[in-house]
Amino acid sequence: MALGYAPGDDLVFQMESGFGLLRVLGSEGEGREAVWHVLVYHDFYPDVESAEAALASGRPLAVREPHIALTAHAFEKTPAARLLNRPVADEELEPLRRWRREGGPVHDRSLLLMLGMR
């Protein structure tokens, strides 16, 4: 399955206790060899509408993980739906730039496992 996300896409994902938000910072490579870079927001919401309202509020959202690098396989394991696309702010990209400079890890576990959830 090819992931059709773009930098700046805000995605909602579901877990047992509700819904979370993540943001695509970018990707590199193609197909199964792609690495996806995401930011994960802190709060969880009881439904998709509440998550959408939080994004639409214009208030900054607290960040749980400013950057996680995932293989395409790992990213596909987190069912997510695109809500909207907003430009990626320069400060959102700084953790990704640091990861590139330092040669950070690429994870092959699902986002939910990376966050300690099931």
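Is Asp10 buried or exposed, and what is its relative accessible area? In this predicted model, Asp10 has a relative accessible area of 0%, and because the cut-off for buried is under 20%, Asp10 counts as buried. To see where this residue sits, it helps to begin with the sheet around it.

Five strands form an open sheet in the order S4-S3-S2-S1-S5, and their pairing is antiparallel. The edges are taken by strand S4 (63-71) and strand S5 (80-85); each has a single partner strand, so one side of each is left without a neighbour in the sheet. On average, and with direction ignored, neighbouring strands of this sheet are turned by 30 degrees against each other.

Strand S1, covering residues 9-15, pairs with S5 in the antiparallel sense over five bridges. Within this pairing, Val12 stands opposite Ala81 in S5. Two helices can be added to the picture here. Helix H1 (residues 48-56) packs on the sheet and touches S1, strand S2 (18-28), strand S3 (35-45) and S5; the direction of H1 makes about 30 degrees with that of S5. Helix H3 (residues 90-102) also packs on the sheet, where its contacts are with S2, S3 and S4, and its direction makes about 55 degrees with that of S2.

Back to the opening residue: Asp10 lies in strand S1. Not counting residues up to four places away in sequence, Asp10 touches Leu22, Arg23, Tyr41, Leu55, Ala81, Arg82, Leu83, Leu84 and Arg86. With Arg86 there is also a polar contact, made between the two side chains at 2.6 Å.

Terms used
Residues are numbered from 1 along each chain as its sequence is written. This is a predicted model: local features need pLDDT of at least 70, side-chain atom pairs count only at pLDDT 80 or more; totals for chains, interfaces and linings use all residues. Side-chain values use heavy atoms; hydrogens and water are left out. Two strands pair if DSSP finds at least two bridges between them. Helices (H or I, at least four residues) and strands (E, at least two) are DSSP runs, numbered from the N terminus. Axes are lines fitted to C-alpha atoms, for helices over the stretch in contact, and angles run from 0 to 180 degrees between N-to-C directions. Contact means heavy atoms within 4.5 Å. Buried means under 20% relative accessible area, exposed over 50%, partly exposed in between (1.4 Å probe, protein chains only). A polar contact is a pair of N or O atoms within 3.5 Å; within protein, one must be able to donate a hydrogen and the other to accept it, and residues adjacent in sequence count only if both atoms are side-chain atoms.
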